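Student: I should like a close look at a single part of this model, with its surroundings described in order.

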Amino acid sequence: MHLSDTAATLLGFGVGVLVVLLVAGLAVLLVRVNRLSDQVRRLSHSRPVGAGDLAALRSDLEQALRHVAVVRYDAFGDMGGRLSFSAAVVDDHGDGLVFSTIHARGESRTYAKGVVGGSSDATLTPEEQQALAAARTGSRKA
């Protein structure tokens with residue numbers, strides 16, 4: 001094994017760790033959102049609350065990043081396994097982010113783009129647009 005092979009392996013490992021951390025972070029966010037949704041449901045049924053209290057909780061829930069979709073694809077024709085992906089994480093208003101990891105033979109790159117109201121100042125790739133649309137509509141076909 002050459003030094004360049006070792007460096008490439010370490011780089012690939014680092015990108016893999018980054019992807020695992022991003023996915024784990026998304027999982028933690030989804031668990032927290034589900035707990036908040038359950039809390040809103042319990043509060044609305046267990047005790048009388050003022051309309052303002054319930055409205056504030058619902059407003060917080062609308063701003064939670066809870067709509068998620070992932071699109072996997074081959075970024076390059078000579079690669080197999082659909083190792084590249086784009087993921088969208090948005091709230092009820094379409095605010096959030098889209099991030100993509102492009103996997104190539106010798107390297108991987110990760111990009112993040114902010115989303116406000118369902119659109120981004122940065123140009124979104126077709127895969128990023130597909131992930132964003134799936135997250136906003138709740139479609140499981142991503």
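Student: In β2, which residue is the bridge partner of V70?

Tutor: The bridge partner of V70 in β2 is A87. The model is a predicted one, in which local features need pLDDT of at least 70 and side-chain atom pairs count only at pLDDT 80 or more, while totals for chains, interfaces and linings use all residues. Residues are numbered from 1 along each chain as its sequence is written, and side-chain values use heavy atoms, with hydrogens and water left out.

The elements are DSSP runs numbered from the N terminus, helices being H or I of at least four residues and strands E of at least two. Two strands are said to pair if DSSP finds at least two bridges between them. Seven bridges link β1 and β2, which pair in the antiparallel sense. β2 is also joined to β3 by six bridges, again antiparallel, and there F85 has T101 of β3 opposite it. These two strands, β2 and β3, make a hairpin with five residues between them, and in the turn G94 has a positive phi of about 85 degrees. β3 in turn is connected to β4 by eight antiparallel bridges, with V98 opposite K113 of β4. The hairpin of β3 and β4 has four residues between the strands.

How enclosed is β2? A residue is buried under 20% relative accessible area, exposed over 50% and partly exposed in between, with a 1.4 Å probe and protein chains only. Seven of the seven residues of β2 are buried, so the strand is largely enclosed by the rest of the structure. In a regular strand the side chains alternate between the two faces of the sheet. In β2, S84, S86, A88 and V90 point one way, F85, A87 and V89 point the other way, and all are buried.

Residues of β2 enter two nonpolar cores. Such a core is a set of buried Ala, Val, Leu, Ile, Met, Phe, Trp, Tyr and Cys residues joined through side-chain atoms within 4.5 Å. The largest has twelve residues, including A88 and V90 from this strand, together with A69, V71, Y73, V98, V115 and L124. β1 (67-73), β2 (84-90) and α3 (126-137) each supply at least two of its residues, and α3 gives the most, with four. A second, separate core has six residues, among them V19, F85, V89 and F99. In the larger core, V115 touches V90, G94, D95, G96, L97, V98 and L132, not counting residues up to four places away in sequence; contact here means heavy atoms within 4.5 Å.

The helix that shares this core with β2 is α3. Its twelve residues reach 16 Å from first C-alpha to last, close to the 16 Å expected at 1.5 Å a residue, the expected span being 1.5 Å times one less than the number of residues. Within α3, E128, A131, L132, A134 and A135 are buried. Viewed down the helix axis, the buried residues of α3 fall within an arc of 165 degrees, so they line one face; the arc is that of the directions from the axis to the C-beta atoms. P126 and T137, on the other side of α3, are exposed. The cover over the buried residues of α3 includes β1, β2, β3 (96-103) and β4 (108-115). Just after α3, G138 has a positive phi of about 80 degrees.
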